[in-house]
Amino acid sequence: MSQPQAKLRVLLIEDQRAMAENIWEFLEMQGQVMDHAGDGSSGLALALANAYDVIVLDLGLPRLDGIEVCRRYRAQGKTAPILMLTARDRLEDKLLGFEAGADDYLTKPFELRELAARIQVLHRRLQRLSPALLRAGPLVLDLASRSVTRDGQPLTVSPAGLRLLAALMAKTPNVLLYADLAQALWGDSDHDAARLHTHVSLLRAAIDRDFEQPLIQTVHGFGYRIAPPAAT
Ligand code: CA
């Protein structure tokens, strides 16, 4: 390959030890900076705690399967591209993966060189899209600096509020169900309705209190959405 290779920070979530070691060594030899998790829940924790350029995610994992890791990661408004590894070449698995927010998949067994090439492609694609900014009408959330502005005016939003806001803005103007919001807040779709409403009220105060047009809308019995005035 003659194309210049970017040096990337890659998270590998794979439980098969030999497979993980092969991938790790190959990518590290290519200059990538590698992190590894051997199960779904520690993989998700690493993915949420650090900024990765690409996440390589095995589908069948102990403790939390790959689909669920992907879904929970995206529910937090996180945008690193995800390449899913699947042992089965079944259409249903791929569709499930894409629905959960995976960007690409590779069926085992695969050539390590192909994996490396796909990682580079995903990274370049993301750079072009540059999704570090989420927008909903006058509201802008910069995921890198975790800052929020409305009509260019900086707003103070709590860390929990930022997680809610990122989830809502990533789906704007669609409704997020209570379970999705609980997932974004606590990484768990089981929710305490009263606590959830409290967080939404706080976020509302931060986003809407000083403005005429409310952006956060209640959809009774379902959840909430953020809809800019033009889209209502
Ligand atoms: Ca596996």
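Here is a short exchange about this predicted model and the reasoning behind some of its labels.

Me: Happy to start with the metal. What makes Asp15, Asp58 and Gly60 donors of the calcium ion?
Reply: Their atoms, OD of Asp15, OD of Asp58 and O of Gly60, lie 2.1 to 2.3 Å from the calcium ion. The cut-off for Ca is 3.2 Å, so these atoms count as donors. Along the chain, the donors follow the spacing D-x42-D-x1-G.

Me: Why is Asp58 called buried?
Reply: Asp58 has 4% relative accessibility. Buried means under 20%, so Asp58 earns the label.

Me: And why is Gly60 called partly exposed?
Reply: Gly60 has a relative accessible area of 46%. The partly exposed class lies between the buried limit of 20% and the exposed limit of 50%, so Gly60 belongs there.

Me: Now a residue in a loop. Why does Glu111 count as exposed?
Reply: The relative accessible area of Glu111 is 52%, and exposed means over 50%, so the label holds. Glu111 sits in the loop between β5 (104-107) and α5 (112-129). Its C-alpha atom is separated by 47 Å from that of His199, and the two residues are 88 apart along the chain.

Me: Good, let's turn to the whole chain. How do you know that its radius of gyration agrees with a compact globule?
Reply: For 232 residues, a compact globule would have a radius of gyration near 17 Å; the chain has 19 Å, which agrees. The C-alpha trace spans about 55 × 35 × 30 Å along its principal axes, and 43% of the 232 residues are buried.

Me: What do the contacts say about residues far apart in sequence?
Reply: Among contacts between residues at least 6 apart in sequence, 58% join residues at least 24 apart. The secondary structure of the chain comes to eight helices and twelve strands.

Me: Which residues of helix α7 are buried, and what do they pack against?
Reply: In α7 (residues 178-186), the buried residues are Tyr178, Leu181, Ala182, Gln183, Ala184 and Leu185. Their packing partners include the helices α3 (66-75), α6 (159-171) and α8 (193-208), and among the strands are β10 (176-177), β11 (216-219) and β12 (223-226). Just after α7, Gly187 takes a positive phi of about 70°.

Me: Last one, on the surface and charges: how far apart are the mean positions of the positive and negative charges?
Reply: The mean positions of the 26 positive and 28 negative charges are 4 Å apart. The chain exposes about 11,900 Å², with carbon and sulfur atoms supplying 52% of that area.

Technical notes: Residues are numbered from 1 along each chain as its sequence is written. This is a predicted model: local features need pLDDT of at least 70, side-chain atom pairs count only at pLDDT 80 or more; totals for chains, interfaces and linings use all residues. Side-chain values use heavy atoms; hydrogens and water are left out. Donors are N, O and S atoms within 2.8 Å of the metal (3.2 Å for Na, K and Ca); water is not among the atoms, so sites may look incomplete. Buried means under 20% relative accessible area, exposed over 50%, partly exposed in between (1.4 Å probe, protein chains only). Helices (H or I, at least four residues) and strands (E, at least two) are DSSP runs, numbered from the N terminus. The radius of gyration is taken over C-alpha atoms; the globule rule is 2.2 Å times the number of residues to the power 0.38. Contact means heavy atoms within 4.5 Å. Accessible areas come from the Shrake-Rupley method with a 1.4 Å probe; for residues, only the protein chains shown count as cover. Lys and Arg count as positive and Asp and Glu as negative; His and the chain ends are not counted. The place of a charge is taken as NZ of Lys, CZ of Arg, CG of Asp or CD of Glu.
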